[in-house]
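Here's a quick briefing to read with the model open beside you. Have a look at the overall fold before going through the notes.

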Amino acid sequence: MESVALVAPVTALEFAGDALLAGTGPEVVAFRLSGGGTAARRSVLCEATVQGLRAEPGRGPAVRVAVFGGRWLAVLAVRREEPRLALCGAARELGARVWEARWAPGGRLALAMGGGAVALYEWRGSGRWLQRASCGGAGALRCAVLAGAGWERLALAAGTAAGAVVVWRAAAAAAPQRELRGHRGAVLALCYSAARGLLASASEDRSVRLWAVGKLVGGDGDGSCLLVCYGHGARVAAVVLRGPLPVSAGEDGACLEWGGSGDVRRERRGHRGPLRVLALRSAGGRLATGGDDGGVRLWQPRRTAPATVTALKAPERPRAVLLAGPRRVLALGEAGGLAAFETAQGCWVPVLPAPAAGGTRAVLAAYPLPGGDEALCALGDGDGRLLLFALSCPGTATSLRLFEGAVRGLSWALRPGLSPATAATLLASGPEGEMLWLDVAHRPGQAPCVRLRGRYLLPPCKHRWHTCAAFLPQGELLVCGDRRGSLLLFPCSSSSGRAAESTSIANGVTDSVSEDSSSELEASCLSHKGALPLESPLSVLFGLHGKTGVTSVTCHKGYIYSTGRDGVYRQLHLRDQQLEVLRKHRPCKGLQWIEELRFTPDRDLLVLGFHAENFVVWSSRTSENLHCIPCGGGHRSWSYCSSPSAEVFAFIKSGDVMLYCCEAEPCEQQVLLASLHGRQITCVRRLGAMEAPGHAALNVLVTGSEDTTACVLVLSERSKAAVPLIRLSDHISSVRTLALASPTGPGDEGFVDEGLSALLFSAGGRAQIECYRLLCAGDPESAVESLESAVACQVIHVASHRLDEQWERKKNRHKLVKMDPETRYMSLSVVPGTSTKQLLPPWKFLAAACSDGSVRVFGLLEAARNLVLVAESFHHQRCVLKVEAFLHTGTGGERHLLCSAATDGSIAFWDITGPITDATDALHQAEGDMQPLALGAPLLTVMAHSCGVNSLHVSKVPEGQYLVATGSDDGSIHVCLLEVALGSGEAAAGTCLKVLERVSRPCAHAAHITGIRVLRPDLLLSASVDQRLTLWRRSLGKLVPLSTTFFHVPDLAELDCWEVVEAGGELRYYCVLCGQGLEMLCSTAPSEPPPPEAPQEGDRCATHPSPCLSWEGTLPLGSAHHCSPYPQPAQ
């Protein structure tokens, strides 16, 4: 098999001309620095990972780059204009590991190698050693750096596992010249600046040290430690010198720039996992980082100094603060006076005096009009009065008496049909849950014109007022959130038809602001309220965001997004004028309060919220905080404004108004290669293939990881790139297994004519299962060159299940034994054949292998979004590792069969037809809730291995029989051929399994076999942690290896396979492997062998004379006899 695409941890980075080179696995990827994007990709090393890239200094049309990893060395030529990668000869395997390479005069390479060896190597031609010396007293090396122009001046500084930095001269390498001590752990990275005589070291003790070494060759430096930097939360993997100060990258995912006193001057985050490599471009000061998440990011240097927070010294103690544009701050005092701070003048300007009658103004809202500094302001007080005015002429205002009690909430919203430059809609909440819809029109020099358009009634609750609202572009509907955390949908078409009745209640009256001048308008408003009925909500999602309230409602591309103080945002859509939640998403850990979502033109989603005591602006695309402002928390009044010129945040703290202002500049971070997962990928499933404009066939995959997320991604064979489409973050522990259930036809739920649709089940730690509906289709609005936007993916969260939550809902649970809440789901399998034609209502069933020794079966009713535990068995009495369900159809009817494998090497076969039928009846009678049934005893148990079964696959052969292939921890493969016999009578007695053949291959791999697939009845594919993918032919009771391929994914966790028929009729097999990375391989199907001769009477097995044997008990591992209907090979 040959590799098609590879996503691996980034282990090397180097700037070469106008390109950035990255080493991922055996490949080198070139990125353009101007414009971004991948320019070229080439596999360089054979069976090694690229550990270092070193560009040759100098100018020319091409740059030569030394590529090394393990014991392998190669040289690439990179063109400067258009980055293209050309291999200068084949990669060579040297005698020892290469730790460092440096270009020497004459185009030769100086190498630092394992065992403390230093060598001068001529790589051109057939390759030969020019000079070589072994440095004594080196110990175990972990990193190295070379300096000097020739052999006589060549010096080596190496970091050891003992925490020392040792320096030698190549010409006198018998003993170390100097030894620098101070680290308490192994030294993992070094960087030397010859111009400054400084050496920076990074260690696994989480520290960075700066040494004054002078010239490594001459030894004029005293070797003193100038700086010790602590700030990383894990091992420090890379370090470079920017001027006289170090910049480091650690396994905590942070890139830290250090100050002269050892303090952190700047922190850069964005990667989803540990950082491994770091590169600095001297021209321009740009940094590049790469890590275990497979991502590469380019960091631009900041042109401006970090913003600071300034106290504005408000004229009176502020009650509320609001930004009316980026250059104006409004502050409402406790006495009711309103003042504005103009940032251009740097002073406060009074806007409105305090009420003369001693009233209280408590609610403030402003709507900045586009294209200028003008804004419409609304002030609500405790007596139900509303004051509306333009900020440029506050003396001419409209005063209305809206309610008999206090004004509780005010919010502005844009309504389709109104010009945003001259008018907006104001929603006001009062006592008893009443909410008014007012259209406000701005007229320069006059009081605003107000129309009462509708009245709405909020559901009864303790905090009965709205907090946010938005008009939907479709259907003339209004959606709003309230203080109780509910989301409400109101009609607005019927009330707009009464526009004649609700004509202007304040039309053109210009008055100075006083309490007496508005009495006529107050009476007019109250009289118009009676002419409009109170509208009740069409749809209510009560307490959707908890008791702390909904903070914002946004409409984007036909979907509704709501945020709250529960730390998640939800995506919704309308179905028959009802709000339906599609999914919820937690953007990042620790974000307890989400205030607002903002969609940018460059397809980024900005999340505004609070992380502990800091206000943050989180970028979903780069996974970093664009702004982090210490403000004390969101419980106090605050306001945020973003504009092309500046980012402004105002808040109240210590009885004053504080202002944070940061000049807008291009994003510091540029994502060159998207990140997938921050930790190991534990499972992978292929959803299908899609055709997109400008692209070849795109494979849509789903992956799960130990970083608690699942990811839907698209993998291109042409560009060999993987781009995440959407991330699922509902799990609280690692995602260990995935299962897909695709619609079988037009009658099945979720069937779509175009694109891909499937039910996705994900499970893992903390006994948690999540279920989603995936809908993938080509995006017609996408750019041809953009792989990220070629496919649009929609996720609908269907249901979830946790054993501990189910336990809390059980009746009489004190009489039962409580299940372990730390149970892990090890494997999932969808039970096939449970379609709408057979079961009504259409329940789907899912089998799960559990770490507590149980095999569980769950039922899903997608329409009701209900996932229920229906049956279980603790037959194995130990951790169940794998489970797979299959459907048998014969003359006696259909049987749902289940195969499970445990850590003792046993494989059990179950008939779950009866439990599924009984569960369907019980669920129908109990309306979706039931006590779990017993699965009963298995039909057959086979002792296939001596230890845990890590891989399992069941495949139906054309004769109606089944091949069951398993791989174990001991590296062995076991294959058995089963036949299902159906008789009359009860289900348990009428199902009989016959073992026709057993084949075992001990020591098939040198390590655990974690993936196995039956491609054809005579063809198997196995993959192991030894990074070998082997194709086997099953013939005459034995397994014969056909080919073995080395793959580049360490710690293999799982594989998935599929077949594709090419345009010419050629059949190709594809497989995708996951572990510490992701790799897709393909191979042409080998020719089928000639059919075996029919067995003769005399060829039958002497021990088992019948070729079809029925086993009712356990087949022990000790009986190594292969029972086969075919003639046995000669001994």
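What follows is a short tour, from the whole chain down to single residues.

This is a predicted model, and its protein chain has 1131 residues, 58% of which count as buried. Strands are the main story in the secondary structure: there are 89 of them, alongside five helices.

**The chain as a whole**

- If you look at contacts with a separation of 6 or more, 51% of them come from residues 24 or more positions apart.
- The protein chain exposes about 44,700 Å², and carbon and sulfur atoms supply 49% of that area.

**Strand β44 and its partners**

- How many of the six residues of strand β44 are buried? Six of the six are, so this strand, spanning residues 477-482, is largely enclosed by the rest of the structure.
- The cover is on both faces: L477, V479 and G481 are buried on one side, and L478, C480 and D482 are buried on the other.
- That split fits a general pattern, since side chains in a regular strand alternate between the two faces of the sheet.
- β44 has an antiparallel pairing with strand β43 (residues 466-472), built from six bridges.
- It's also antiparallel to strand β45 (residues 487-491), this time with five bridges.
- C480 is a handy residue for finding your way around here: it is the bridge partner of A469, and it stands opposite L488 in β45.
- β44 and β45 make a hairpin, with four residues between the two strands. In the turn, look for G485, which has a positive phi of about 95°.

**A four-stranded sheet further along**

- β81, β82, β83 and β84 line up in that order as an open sheet, and the pairing is antiparallel.
- Which strands sit at the edges? They are β81 (1009-1016) and β84 (1038-1046), each of which pairs on one side only.
- Going from one strand to the next, the twist averages 20°.
- β81 and β82 (residues 1019-1024) run antiparallel and are joined by six bridges.
- To see the register, start from G1011: its bridge partner in β82 is A1023.
- As for what holds such pairs together in general, strands of a sheet pair through backbone hydrogen bonds.

**A buried glutamate, E257**

- E257 lies in strand β25, which covers residues 255-258.
- Is E257 buried or exposed? It is buried, because its relative accessible area is 7%, below the 20% cut-off.
- The side chain of E257 makes a polar contact with the side chain of R268, at 3.1 Å.
- Leaving out residues up to four places away in sequence, E257 touches R242, P246, V247, D263, V264, R265, R266 and R268.

**Cysteines**

- The structure holds zero disulfides.
- Take C879 as an example: the closest cysteine sulfur is in C850, 8.9 Å away, which is too far for a bond. The cut-off for a disulfide is 2.5 Å between the sulfur atoms.
- C879 counts as buried, because its relative accessibility is 17%.
- C492 counts as buried too, with a relative accessibility of 6%.
- C480 is another buried cysteine, and you've already met it in β44.

Note on methods. Residues numbered from 1 in each chain as written. Predicted model: local features only at pLDDT ≥ 70, side-chain atom pairs only at ≥ 80, totals over all residues. Heavy atoms only, no water. Pairing = 2+ DSSP bridges. Axes fitted to C-alpha atoms, helices over the stretch in contact; angles between N-to-C directions. Buried < 20%, exposed > 50% of the residue type's maximum accessible area, 1.4 Å probe, protein only. Contact = heavy atoms within 4.5 Å. Areas by Shrake-Rupley, 256 points an atom, 1.4 Å probe, with all protein chains shown as cover. Polar contact = N/O pair within 3.5 Å; in protein donor to acceptor, adjacent residues only side chain to side chain.
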